[in-house]
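Colleague: Please take a close look at one part of this model, the sheet, and describe what packs on it and what ties its ends to the rest of the chain. A connected account would be better than a list.

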Amino acid sequence: MGSETPDRKKVHLNFFETACTGNHECAGQWSRPGDNSRTKDSLEYYIEMAKMGEKAGITAIFFADTYAGHDVYGGNMDAVFRAGVQVAQLDPLVIISAMAAVTKSISFGVTGSTSYIPPFPLARTFSSLDHLTKGRIAWNVVTSWSQAAADAFGKELVPHDQRYEIADEYMDIMYRLWNASWADGAQMWDREKHIAYEPSKIKKINHDGKHLKLHARHQMHPSPQRTPVIFQAGTSKVGQAFAAKHAEAVYIGGLVPSQAAYQIKAAREIAQAAGRDPTTIKFFAAINPIIGRTMEQAQAKFAEAQEHADVVGALAQFSGYTGIDMSKYPLDEELKLDTSNPKESAVQGFLGNFGDSQKDGDVWTPRKLGLKIAIGGFHPSPVGTPAMVADIMEQWIDEADVDGFNMAYISNPGSFEDICELLIPELRRRGLLFDGYAVPGGTFRENLLRQPGQKTLRSDHYGSRFKFEDEPDEPQMAKDVAT
């Protein structure tokens, strides 16, 4: 590795961000000198990030979002509030238009839940953003899993597989609103005939399904992409099937390439069996590097991150993800989990994935786990020079067949500056990054696929079958009433 390889597979880089003041992944890092994450309640933070990303050729800024908060650790949220991790969360959907206004080509992906947000307003929101960004928007489709989120929306927490069943029906409604409610050319602005929008080219969507009902015309005329780029992150069997059917980009987990390789291969095979070109589904791995011009610089940055890490806050975050109250385990005693409990057994397997950080004879304690998590532990978090980090990313490309990386951060703006100034030049030298945007000023889909002109869903995507001409006409009674 490390030599110039112009014929190598090229990949995308996204910034991985949230609108949580403090930090999303790395508990306590807001306290570092120079860290600006406490200013995430200002537009300036996001505007500067967007400008930095576009200047460096970043494909997109991926906004993860969650609802409510983690209250598993000790039965309350005290630890996450103190740590400033995944709390004080702005709605990222309202930030995007300001970021788009100061950029031309970088795109934006935002989370939206099929479990709690009704289809009609979410379809309008994404169409609005697609218009305002000139087609630079993606929807990260999630099925909300936490009890806290269910409580916040006044809903019952639905079992896992049923959430995907609902999501599948939800997607049909969204495709119908975006692609079948308005025909091309419905927007006329014909002064002579005095027609703004041609009524015969607009249809009401009537859906009476098992889980959802909707009777409405889409509130927006067709946007540049019609359907935003569809992101998804399911790893279960039903999640993989959902991704193979709907996703154009998939956020993939795993601490080492071998963990992701099987999932990517399986998802591509499912998509191919469904008639899709499997290479058009783009898989993004997350990585959280600490980069220095020298190894000594990188190690010094790592030591500073350790100094400011909030171990208890990180454990509270981990408790929220796993449903296990980690406060019941003494911080400095060996972590002995009850493997007869499915949740704790899964965590035991998770700890096994961290084996590369353990010395022979070492044992896991809650403090050690919290420290690991507080410094990017949910993702690969290499510490080293640009060449060393690039070697690891190259391994992911070769072994797991990823198409890009969601670049997470320890502390901002330092982490993103190091990615732009140190890492990206090394990746370009190796021929691993695309040289600029395929369509400067173009849509997200065009730049993701590197296919100029491909603004709407590809013809082999399930959602492309929903078309205006195939949508049933309204019942005659409804037409008469409207008249």
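Modeller: Helix 6 lies across strand 3 (107-113), strand 4 (137-142) and strand 9 (229-232), and it runs at about 155° to strand 4. Helix 7 (residues 237-246) also packs on the sheet, where it touches strand 4, strand 9 and strand 10 (249-252); its direction makes about 165° with that of strand 9. The model is a predicted one, and the angles, like every other value here, are computed from it.

The sheet under these helices is a closed barrel of eight strands in the order 1-2-3-4-9-10-11-14, with parallel pairing. From one strand to the next the twist averages 30°.

Strand 1 (residues 12-17) shows how the barrel closes. On one side, four bridges join strand 1 to strand 2 (residues 60-63), the two running parallel, and F16 stands opposite F62 in strand 2. Strand 1 is also joined by four bridges to strand 14 (residues 404-407), again in parallel. In that pairing F15 stands opposite M407, and the bridge partner of L13 is F405. Strands of a sheet pair through backbone hydrogen bonds, either parallel or antiparallel.

Strand 1 is mostly covered, with six of its six residues buried. The cover extends to both faces: H12, N14 and F16 are buried on one side, and L13, F15 and E17 on the other.

A salt bridge is found beside this pair of strands. D403 forms a salt bridge with K9, with 3.0 Å between the closest N and O atoms. D403 lies in the loop between helix 13 (386-400) and strand 14, while K9 is in the segment before strand 1, so the pair ties together parts that are 394 residues apart in sequence. D403 counts as buried because its relative accessibility is 6%, under the 20% limit. K9, at 27% relative accessibility, counts as partly exposed. Side chains of opposite charge can pair when their charged atoms come close.

The structure holds 24 salt bridges. A network of them links R8, D391, E394, D398, E426, R429 and R430.

Helix 6 takes part in a salt bridge as well. The side chains of E471 and R176 meet at 2.3 Å, N to O. This pair links distant parts of the chain, 295 residues apart: R176 is in helix 6 (residues 160-180), and E471 is in the loop between helix 15 (444-449) and helix 16 (476-482). E471 is buried, with a relative accessible area of 7%, and R176 is buried too, at 13%.

Another salt bridge involves helix 12. R367 pairs with D332, the closest N and O atoms being 2.5 Å apart. R367 is in helix 12 and D332 in the loop between helix 10 (311-322) and helix 11 (342-352), which puts them 35 residues apart. R367 counts as partly exposed at 37% relative accessibility, whereas D332 is exposed, with a relative accessible area of 52%.

Elsewhere in helix 12 (residues 366-374), P366, L369, G370, I373 and A374 are buried. Seen down the helix axis, these buried residues fall within an arc of 130°, so they line one face of helix 12. An α-helix has 3.6 residues a turn, so residues three or four places apart point the same way. Helix 12 is followed by G376, whose phi is positive, near 80°.

Definitions and conventions
Residues numbered from 1 in each chain as written. Predicted model: local features only at pLDDT ≥ 70, side-chain atom pairs only at ≥ 80, totals over all residues. Heavy atoms only, no water. Buried < 20%, exposed > 50% of the residue type's maximum accessible area, 1.4 Å probe, protein only. Arc of directions from axis to C-beta. Pairing = 2+ DSSP bridges. Salt bridge = Lys/Arg side-chain N within 4 Å of Asp/Glu carboxyl O. Axes fitted to C-alpha atoms, helices over the stretch in contact; angles between N-to-C directions. Contact = heavy atoms within 4.5 Å.
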